[in-house]
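User: I would like a close look at a single part of this structure, beginning with one residue and its surroundings. Please then set that part beside other places in the model.

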Amino acid sequence: MEELFRRAARDLVNSRYAIALTGAGMSTESGIPDFRGPKGIWTKNPEAERDAYEAYDKLLRDPKAHWEEVLTPGSFFSLFEGMGKALPNPGHCSLAELERIGILKCVITQNIDGLHQRAGSQNVIEYHGGLSKLRCMSCGSRFDRGEFDLQGLKTRDQLPPRCRNCNGVLKHDGVYFGEPIPGDVYHQSVEAAWKCDLMLVCGTSAVVYPFAELPRLARQRRTEAERKTEAGINLVEKAPAVTIIEVNAEPTPLTYERMSDYLIQGKTGEILPKIVEEVERIRE
Ligand code: APR
């Protein structure tokens with residue numbers, strides 16, 4: 001393991017544009033269960049997973065009824081309520097430190113818990129949205145959830161909450177299964193995946209798309225770059241080779257398909273601080 005920490009540190013120090021991709025495994029050491037691990041939210045509540053798969057259709061069919069369900073204690077949404085009380089762990093702090101010293105350019109996270117930002121990471125792309133925000137389904141505007149008295153709207157029979165810019169229907173900013181990834185977040189992530197020459201993939205089973213496409217995009221970008229340039233999206237001229245490093249408790253499809261260069265198997269909260277120590281040793 002020591003040799004893997006040193007190898008990852010060397011790769012990070014030699015990188016020109018390193019980014020991190022993260023998933024629920026980053027936050028289990030903060031007391032937030034992941035989804036598909038042995039103690040995962042979906043593993044333990046298969047009916048909640050079924051509800052989650054139906055949520056977007058229900059919202060499109062009847063936003064009022066959807067919001068009444070969201071605000072009903074015991075609905076699957078309440079599974080996420082505890083997230084707001086969790087604290088960042090050494091894994092989150094390590095990625096924030098790599099950004100602070102100029103090595104990590106951004107974190108693209110699937111997590112809605114806001115722990116990267118609370119650990120001090122500045123450039124965070126919330127690929128699946130954020131727990132603390134509401135988003136307009138018409139104009140895409142985002143608002144702090146605290147600005148809306150949602151329970152009051154329910155009591156006064158004034159659901160769904162409405163956008164202050166266009167009066168469109170507001171939903172949780174969290175992206176539901178079957179819901180398209182918001183355009184701004186999607187493009188920022190694709191551009192970062194194309195630009196990067198190092199990708200640190202931490203605490204994700206890498207089975208949920210389109211997020212799991214990002215490492216493949218970085219790996220296959222030469223042809224993609226040419227195709228997209230035709231579509232008018234500005235891209236880097238020469239796409240450098242990319243190093244993809246996984247830090248995860250178990251191997252993933254990225255490991256088996258050799259999409260990643262190597263896997264450092266274990267806990268992100270234990271491994272990432274060790275890598276940062278090595279980075280600082282190299283930079284001394
Ligand atoms: N350190 C490293 N890896 C860990 C740790 C840890 N402390 N704890 C768990 N893991 C690993 C698990 O072994 C698993 O491979 O993290 C991975 C978590 O995978 P998932 O539970 O599938 O979570 P994630 O990949 O983030 O899920 C993607 O699915 O349900 C949707 O929208 C939800 O954003 C989520 C998306």
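Analyst: The residue to begin with is I282, which counts as partly exposed because its relative accessibility is 38%, a value that lies between the limits of 20% for buried and 50% for exposed. The model is a predicted one, and the values below are computed from it. I282 is found in helix α12, which spans residues 268-283. Leaving aside residues up to four places away in sequence, I282 touches A9, R10 and V13. One of these partners shows how the chain folds back on itself: I282 and V13 are 269 residues apart in sequence, yet their C-alpha atoms are 7.8 Å apart in space.

Helix α12 also leads to the ligand. Residue 268 belongs to this helix, and a polar backbone atom of T268 is 2.9 Å from a nitrogen atom of the ligand. Two side chains make further polar contacts. An N or O atom in the side chain of T28 is 2.9 Å from a nitrogen atom of the ligand, and an N or O atom in the side chain of T204 is 2.6 Å from an oxygen atom of the ligand. On its own the ligand has 730 Å² of accessible area, of which the protein covers 93%. There are 22 residues around the ligand, and F35, R36, T204, S205 and E250 come nearest. This shell is made up of 6 nonpolar, 11 polar and 5 charged residues.

Another residue linked to helix α12 is N89. N89 touches G269, as well as M26, S27, E29 and S30, not counting residues up to four places away in sequence; residues 268-283 form α12. N89 itself is found in the loop between α4 and α5. Is N89 buried or exposed? With a relative accessible area of 4%, N89 is buried, whereas I282 is partly exposed. A polar atom of the N89 side chain lies 2.7 Å from the backbone nitrogen of G91.

Elsewhere, a buried charged side chain deserves attention. K171 has a relative accessible area of 1% and is therefore buried; its place is in strand β6, residues 170-172. The side chain of K171 reaches the backbone oxygen of G174 at 2.6 Å. Among the residues that K171 touches, not counting those up to four places away in sequence, are L59, W67, L134 and E179.

The neighbour of K171 in the strand, L170, leads to the largest nonpolar core. In soluble globular proteins, nonpolar side chains tend to be buried together. The core has 29 residues, and W42, W67, F76, F80, L150 and L170 touch the most other members. Elements that give two or more residues to this core are α2, α3, α4, β4 and α7, and α3 gives the most, with 5 residues. Apart from this core lies another of 26 residues, among them C106, A193, C196 and V242. Beyond four places in sequence, L170 touches residues including W67, L134, F143, F148 and P161.

A last residue for comparison is T109, in strand β2, residues 104-109. T109 is buried, with a relative accessible area of 2%. Its contacts more than four places away in sequence include T22, H116, Y127 and F211. T109 and R162 are 53 residues apart in sequence and 27 Å apart in space, C-alpha to C-alpha.

Notes:
Residues are numbered from 1 along each chain as its sequence is written. This is a predicted model: local features need pLDDT of at least 70, side-chain atom pairs count only at pLDDT 80 or more; totals for chains, interfaces and linings use all residues. Side-chain values use heavy atoms; hydrogens and water are left out. A nonpolar core is a set of buried Ala, Val, Leu, Ile, Met, Phe, Trp, Tyr and Cys residues joined through side-chain atoms within 4.5 Å. Buried means under 20% relative accessible area, exposed over 50%, partly exposed in between (1.4 Å probe, protein chains only). Helices (H or I, at least four residues) and strands (E, at least two) are DSSP runs, numbered from the N terminus. Contact means heavy atoms within 4.5 Å. A residue is near a molecule or strand if one of its heavy atoms lies within 4 Å of it. A polar contact is a pair of N or O atoms within 3.5 Å; within protein, one must be able to donate a hydrogen and the other to accept it, and residues adjacent in sequence count only if both atoms are side-chain atoms. Accessible areas come from the Shrake-Rupley method with a 1.4 Å probe; for residues, only the protein chains shown count as cover. Ala, Val, Leu, Ile, Met, Phe, Trp, Tyr, Cys and Pro count as nonpolar, Asp, Glu, Lys and Arg as charged, and the others, Gly among them, as polar.
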